[in-house]
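Here is a friendly walk through one protein model, written for someone who likes to check contacts against coordinates. Keep the viewer open and follow along.

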Amino acid sequence: QYNDGTFNPDLPSGENFDSYHRFMPEAAIGFHYESLKEFFRMKPYGSFAIFHCTYPNESFLENKKTRLPLRFVLSGGTKVVVNEKIELDPNLLFMHQGTANEFILGVNGKFIATDEITYIGGLSMRFKDAVILTAGCKYKNVVYRMSYDFNISPLKTYTNGKGGLEFSVVFYQSNRRNQIGF
């Protein structure tokens with residue numbers, strides 16, 4: 001709350017809440033298949049999941065019920081071993097929730113430089129929205145990755161063509177080469 005342009009946390013907000021917490025149980029269900037056969041050059045995988053199975057109430061108002069719709073996620077691909085150093089991963093992701101759909105098609109690749117270092121790169125397209133460029137490195141059992149979404153939708157006029165930059169650091173418990181994903 002501001003007083004003469006200065007924030008004063010002691011001033012009343014005018015908002016009265018009966019409770020400052022709420023309990024919203026949430027559940028999801030899904031399955032994943034992945035071929036782990038060592039001597040096959042192509043290793044297909046796929047997943048299906050349903051989120052928000054409890055239809056949680058997402059409204060902040062006590063007397064209003066706004067249920068979060070189910071979210072369906074389907075993903076899959078095939079890891080293709082080109083040689084002992086190079087692996088490609090063409091993949092897809094489809095998500096549906098309420099009236100919204102998202103479809104991403106892409107390919108990732110990795111180059112195993114040493115037993116401890118793997119370089120990662122990829123190119124994907126989120127249809128009617130963005131082209132996504134990914135680069136990264138795996139060192140031992142940690143993956144450092146960055147991606148940039150190049151906006152290709154009509155929104156690019158409002159964003160001045162700027163997209164979104166994302167960074168991630170992922171730690172894997174196992175350091176075995178065949179268990180570290182892209």
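## Salt bridges

The structure holds four salt bridges. Please keep in mind that this is a predicted model. Three of the pairs are set out below, with the distance between nitrogen and oxygen.

| Pair | N to O distance |
|---|---|
| Glu-34 and Lys-79 | 3.4 Å |
| Glu-87 and Lys-110 | 4.0 Å |
| Asp-129 and Arg-126 | 2.5 Å |

Let us begin with Glu-34 and Lys-79, whose side chains meet in a salt bridge. This pair links distant parts of the chain, with Glu-34 in strand S3 (residues 29-34) and Lys-79 in strand S5 (residues 71-81), 45 residues apart. Are the two partners buried or exposed, or something in between? Glu-34 has a relative accessible area of 29% and is therefore partly exposed. Lys-79 counts as buried because its relative accessibility is 13%, and the cut-off for buried is under 20%.

Next come Glu-87 and Lys-110, which form a salt bridge with their closest N and O atoms 4.0 Å apart. Glu-87 belongs to strand S6 (residues 86-97) and Lys-110 to strand S7 (residues 100-112), so this salt bridge ties together parts that are 23 residues apart in sequence. Both Glu-87 and Lys-110 are buried.

In the third pair, the closest N and O atoms of Asp-129 and Arg-126 are 2.5 Å apart. Salt bridges with shared partners join Arg-126, Asp-129 and Asp-149 into one network. Within this network, Asp-129 is partly exposed, at a relative accessible area of 24%, while Arg-126 counts as buried because its relative accessibility is 15%.

## The sheet

Now for the strands. In what order do the strands of the open sheet stand? The sheet has nine strands in the order S3-S4-S5-S6-S7-S8-S9-S10-S11, and the pairing is antiparallel. S3 and strand S11 (164-171) are the edges: each has a single partner strand, so one side of each lacks a neighbour in the sheet. On average, neighbouring strands of this sheet are turned by 15 degrees against each other, with direction ignored.

The edge strand S3 is worth a visit. S3 is hardly covered, as the count of buried residues among its six residues is zero. S3 runs antiparallel to strand S4 (residues 42-51), and six bridges join the two. Here Tyr-33 stands opposite Gly-46 in S4.

Further along the sheet, strand S9 (residues 130-139) and strand S10 (residues 142-151) pair in the antiparallel sense over 10 bridges. If you would like a landmark, Thr-134 has Ser-147 in S10 as its bridge partner.

As background, strands of a sheet pair through backbone hydrogen bonds, either parallel or antiparallel.

## A nonpolar patch

Finally, turn to the surface. Which residues make the nonpolar patch of about 750 Å²? They are Val-82, Ile-86, Leu-88, Val-107, Phe-111, Tyr-119, Leu-123, Leu-133 and Phe-150. S6, S7 and strand S8 (117-126) each supply at least two residues of this patch. Val-82 lies in the loop between S5 and S6, and Val-82 counts as partly exposed because its relative accessibility is 36%.

Conventions: Residues are numbered from 1 along each chain as its sequence is written. This is a predicted model: local features need pLDDT of at least 70, side-chain atom pairs count only at pLDDT 80 or more; totals for chains, interfaces and linings use all residues. Side-chain values use heavy atoms; hydrogens and water are left out. Helices (H or I, at least four residues) and strands (E, at least two) are DSSP runs, numbered from the N terminus. Buried means under 20% relative accessible area, exposed over 50%, partly exposed in between (1.4 Å probe, protein chains only). Patches are made of residues with over 30% relative accessible area and no salt bridge: like charges are joined within 9 Å, nonpolar side chains (Val, Leu, Ile, Met, Phe, Trp, Tyr) within 5 Å. Accessible areas come from the Shrake-Rupley method with a 1.4 Å probe; for residues, only the protein chains shown count as cover. Two strands pair if DSSP finds at least two bridges between them. Axes are lines fitted to C-alpha atoms, for helices over the stretch in contact, and angles run from 0 to 180 degrees between N-to-C directions.
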